[in-house]
Amino acid sequence: NICAVGATPLAVTNCLNFGNPYNPEVYWQFVQAIQGMGDACTKFNTPVTGGNVSFYNQSSYEGPVFPTPAIGMLGVLKDKKRVMTLDFKKEGDLIYLIGECQDDISSSEYLYSWHKVKGSPAPHFNLDEEFDVQSAVKGLIENGLIASAHDCSDGGLFVTLTEAGIPRNLGFDINSDTNVRKDAFLFGEGQSRVVVTVSPAREEEFINYMADAKAEFSMLGVVVGKEAVVDEESLGTIEELKTAYD
């Protein structure tokens, strides 16, 4: 998620790991991975400079590995003062979500690890939405309107917020979206979402900027205290959550 750092994507290398390509399902996975990366690189105008493919990663008793395209990306940041980091900076900063929360828990760590559902569809993803979100975040960084930015990925929104609080031991107080199942809101891994924090002094500028952007956005809450609070209920201190996380 190089745009959440503020850099312009420049080039991609990749390593693609799959099972036996003579298995039709494995070959289908490989084709879909190539097509997906191709669509994304075309959308973001990002060239692929190289890579390698590893097949036959499987055993007779466990079958093929999960399809694993590993991607490394290089970007250019013209002004190092604009480097963006994921951590909350200070109490009182406002927490916003760029992108939309989806009522979706497919392929999440929550579904896999907690409910032991090993196979489910891919989580929500729309390439146009992703482009709009990344473009909005990049513009916010360039205009100095946000204090932090962190993409929602493994573990969903709750883990994203916890990771942002850990470096400075700063807690958060947020409200969930009543239109989305609470477990999906906290732990779903629908794509195209970035959590940002905004100084109250820059909030009006932030809102005016986002009103002209194509990406959806919503307020989640505020950076405050040392606990993770959701809908007025404490889910533990950041220190306790860090211990579990580590």
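The paragraphs below go through the sheets, the helices, the nonpolar cores and a few single residues of this structure.

The model is predicted: local features need pLDDT of at least 70, side-chain atom pairs count only at pLDDT 80 or more, and totals for chains, interfaces and linings use all residues. Residues are numbered from 1 along each chain as its sequence is written, and side-chain values use heavy atoms, with hydrogens and water left out.

A few terms come before the sheets. Helices (H or I, at least four residues) and strands (E, at least two) are DSSP runs, numbered from the N terminus. Two strands count as paired if DSSP finds at least two bridges between them. Strands of a sheet pair through backbone hydrogen bonds, either parallel or antiparallel.

One open sheet is formed by 3 strands in the order β2-β1-β5, with mixed pairing. β2 and β5 (68–76) are at the edges with a single partner strand each, so one side of each has no neighbour in the sheet. From one strand to the next, the twist averages 15° (axes are lines fitted to C-alpha atoms, for helices over the stretch in contact, and angles run from 0 to 180 degrees between N-to-C directions). Helix α1 packs on this sheet and touches β1, β2 and β5 (contact means heavy atoms within 4.5 Å). The direction of α1 makes about 175° with that of β1.

Within this sheet, strand β1 (residues 8–17) and strand β2 (residues 48–54) pair in the parallel sense, over 6 bridges. N14 stands opposite G51 in β2, and N17 stands opposite S54 in β2. β1, helix α1 (residues 24–43) and β2 make a right-handed β-α-β unit. Right-handed has a fixed sense here: with the strands pointing away from the viewer, the path from the first strand over the helix to the second runs clockwise.

Another open sheet is formed by 7 strands in the order β7-β9-β6-β10-β8-β11-β12, and its pairing is also mixed. Its edges are β7 (148–151) and β12 (233–237); each has a single partner strand, so one side of each is left without a neighbour in the sheet. The twist averages 25° from one strand to the next. Helix α6 (residues 203–212) packs on this sheet, touching β6 (94–98), β9 (194–198) and β10 (217–223), and its direction makes about 10° with that of β6.

At the β12 edge, strand β11 (residues 227–230) is joined to β12 by 3 bridges, and the two run antiparallel. V230 stands opposite E233 in β12. E232 lies in the loop between β11 and β12. E232 has a positive phi of about 65° although it is not a glycine. Is E232 buried or exposed? Buried means under 20% relative accessible area, exposed over 50%, and partly exposed in between (1.4 Å probe, protein chains only). E232 has 76% relative accessibility, so it counts as exposed. Helix α7 (residues 238–245) lies across β8 (172–174), β11 and β12, at about 60° to β12.

The largest nonpolar core has 27 residues, and I95 and F172 have the most contacts inside it. Such a core is a set of buried Ala, Val, Leu, Ile, Met, Phe, Trp, Tyr and Cys residues joined through side-chain atoms within 4.5 Å. At least two residues of this core come from each of β6, α2 (109–114), α4 (156–165), β8, α5 (182–187), β10, β11 and α7. α4 gives the most, with 4 residues. Not counting residues up to four places away in sequence, F172 touches residues including I95, F158, L161, V222 and I238. A second, separate core of 18 residues includes Y96, V137, L140 and V194.

Some single residues remain. S106 is in the loop between β6 and α2 and, at 17% relative accessibility, counts as buried. S192, in the loop between α5 and β9, is buried at 5% relative accessibility. The phi of S192 is near 65°, a positive value in a residue other than glycine.

How many disulfides does a search of the whole structure find? It finds 0 disulfides (a disulfide is a pair of cysteine sulfur atoms within 2.5 Å). The sulfur of C152 is 7.3 Å from the closest cysteine sulfur, in C101, which is too far for a bond. C152 is buried, with a relative accessible area of 4%.
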